[in-house]
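Let's walk through this structure together, one region at a time. Keep the viewer open and follow along as the residues come up.

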Amino acid sequence: MEKFKYPDINPLRIEMSDECQVYKGLEGICVKESRICYIDGKGSRLYYRGYNIMDLVEHSKYEEVVYLLLFGELPSREELESFERKLASKRRLPDGLRGLIRSLPKDSDPMDFLRTTVSAMSLFDDGGDETEKGIGLIAKAPVMLAEFHRYRSGLEPLEPREELSQAGNFLYMMFGKVPEGSEERVMDRAFLLLADHGLCASTFASLVTASTLADIYASITTAIGTLAGPLHGGANLQVLKMLEEVGSPDRAESYVEGMLKSGKRIWGFGHRVYKNFDPRYRAFKRMAREMAELRGRMDLFETAEKVEEAALKRLAHKNIYPNVDFYSGLVYYFLGIPQDLAITMFAISRMAGWVAHILEYWEQNRLIRPKAKYVGELDKKYVPIEER
Ligand code: SDX
């Protein structure tokens, strides 16, 4: 057989790769077709599998929305009950994972904790295909977070209770008592509202990992690392800190003025896609008011509302409006969830969307490998160090 002949490489002429357009932050670039989530950034509408989020918040619940995101359609009653049983059956943590959690420093940053233990889940994996592993992650993530919180607080561990909902079991494992119906409903809606949001930075990052055919644990670990940044998932915690700094409703105006004058951003405002209100912000605001009244903390809610008004006055003309993070942290606070767990609350909700998008991407997988537009020099002459 004839010996393979390598093509000539012309040592003199560098074929500069075809000119490529740089889209900073991949703004406006589509990297896949999807049926999972649609964001109408101008019309302030958000759809999960074609259903308006406001209908889902009103009529659905987290487990049903997880089923919808993963499998594409609302379940029948039997399908939902079977799925709820499956989720509940996957909550229990392997002993080794629980031991790992209880060996970590008690003052671990919660997002570092979550990223570490989700990554470690692959070492305790009990088998099944990637969908099964994904459902296991959705089921276990809230349990892991509650387990960590009890451990760092010096509280005895609790076993998950399969008869409780995802939201009910989470609050039970956090605080050791089965939540009131109203609290469970608020927690459930908060999980639902953050379940997915298209190709946000963390979801896109997970697809980059998944596109190499790394497993779902590696892909979700990437997502958690990406969500941690204050420009993305970290904003809800920054909003809580901002409200602490403001202190009272009458200081809101001067605080916002000062922040903007010094070129700082108002946390919980602005969005790459929404150039109008984020529909989720309205739902979280309603729940924040409801919980503030329940807790007798209307002062804190009114401080947030005054910051919102002051910021809108100065930013709405630039199409910068409140986003999901502006009131979500307050809802967690009023549920008794420690401030430093705010970002992890976002992560355990978004586990569903991450899994759904990874599974969808794998259906027509393509390695994600963009280019950089090279603007450096070429063929520079090497100068020995003695002559430099
Ligand atoms: C989430 O992508 C998703 O879907 C994310 C998310 C999800 O569910 O996954 O919705 C969750 O991440 C919500 C966003 C949470 N982050 C914050 O609240 C942090 C504060 N917001 C911003 O930093 C900012 O609005 C971004 C990062 C969210 C979006 O910014 P872009 O699209 O990159 O816009 P930009 O940074 O280029 O800003 C454009 C202009 C700038 O002014 P100029 O330099 O043109 O004069 O708007 C200004 C910015 O300074 N601006 C703000 C502002 N956000 C943008 N000015 C004051 N306060 C703000 N919050």
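Serine 182 is partly exposed, with a relative accessible area of 35%; here buried means under 20% relative accessible area, exposed means over 50%, and partly exposed is in between, all with a 1.4 Å probe and protein chains only. You will find serine 182 in helix α8, which covers residues 181-193. Helices (H or I, at least four residues) and strands (E, at least two) are DSSP runs, numbered from the N terminus. Before going further, please keep in mind that this is a predicted model, in which local features need pLDDT of at least 70 and side-chain atom pairs count only at pLDDT 80 or more, while totals for chains, interfaces and linings use all residues. Residues are numbered from 1 along each chain as its sequence is written, and side-chain values use heavy atoms, with hydrogens and water left out.

Serine 182 also makes a handy reference point for distances. Its C-alpha atom is separated by 32 Å from that of glycine 225, and these two residues are 43 apart along the chain. Alanine 252 is 70 residues from serine 182 along the chain, and their C-alpha atoms are separated by 30 Å. Alanine 252 belongs to helix α12, residues 252-261, and counts as buried at 1% relative accessibility.

Another serine to look at is serine 206, in helix α9 (residues 201-210). Is serine 206 buried or exposed? Its relative accessibility is 0%, so serine 206 counts as buried. The side chain of serine 206 reaches the backbone oxygen of threonine 203 at 2.6 Å. That is a polar contact, meaning a pair of N or O atoms within 3.5 Å; within protein, one must be able to donate a hydrogen and the other to accept it, and residues adjacent in sequence count only if both atoms are side-chain atoms.

Now turn to the strands. Three of them form an open sheet in the order β1-β2-β3, with antiparallel pairing. The edge strands, each pairing on one side only, are β1 (37-40) and β3 (51-52). Two strands pair if DSSP finds at least two bridges between them. Four bridges join β1 to β2, and tyrosine 38 has tyrosine 47 in β2 as its bridge partner. On the other side, two bridges join β2 (residues 45-48) to β3. There, tyrosine 48 has tyrosine 51 as its bridge partner, and tyrosine 47 stands opposite asparagine 52. One face of β2 is covered, with Leu46 and Tyr48, and the other is uncovered, with Arg45 and Tyr47.

The turns deserve a look at their backbone angles. β1 and β2 form a hairpin with four residues between them, and serine 44 in the turn has a positive phi of about 55 degrees. Serine 44 is buried, with a relative accessible area of 15%. The next hairpin, between β2 and β3, has two residues between the strands, and arginine 49 in its turn has a positive phi of about 50 degrees. Away from the sheet, asparagine 319 has a positive phi of about 60 degrees although it is not a glycine. Asparagine 319 sits in the loop between α14 (298-315) and α15 (325-334), and it is partly exposed, with a relative accessible area of 37%.

Finally, the ligand. Where does the ligand lie with respect to domain 1 and domain 2? Domain 1 (37-228 + 344-363) and domain 2 (235-334) both give residues to the shell around the ligand, so it lies between them; these bounds come from an automatic or database domain assignment. In total, 23 residues surround the ligand, and the closest are His197, Arg265, His271, Arg272 and Arg280, where near means that a heavy atom of the residue lies within 4 Å. The shell divides into 11 nonpolar, six polar and six charged residues. In this scheme Ala, Val, Leu, Ile, Met, Phe, Trp, Tyr, Cys and Pro count as nonpolar, Asp, Glu, Lys and Arg as charged, and the others, Gly among them, as polar.

Ligand oxygen atoms take part in several contacts. A polar side-chain atom of arginine 265 lies 2.7 Å from a ligand oxygen, and an N or O atom in the side chain of arginine 280 is 2.6 Å from a ligand oxygen. Glycine 268 contributes a backbone N or O atom, 2.9 Å from an oxygen atom of the ligand. The protein covers 73% of the 1,100 Å² of accessible area that the ligand has on its own, with areas from the Shrake-Rupley method and a 1.4 Å probe.
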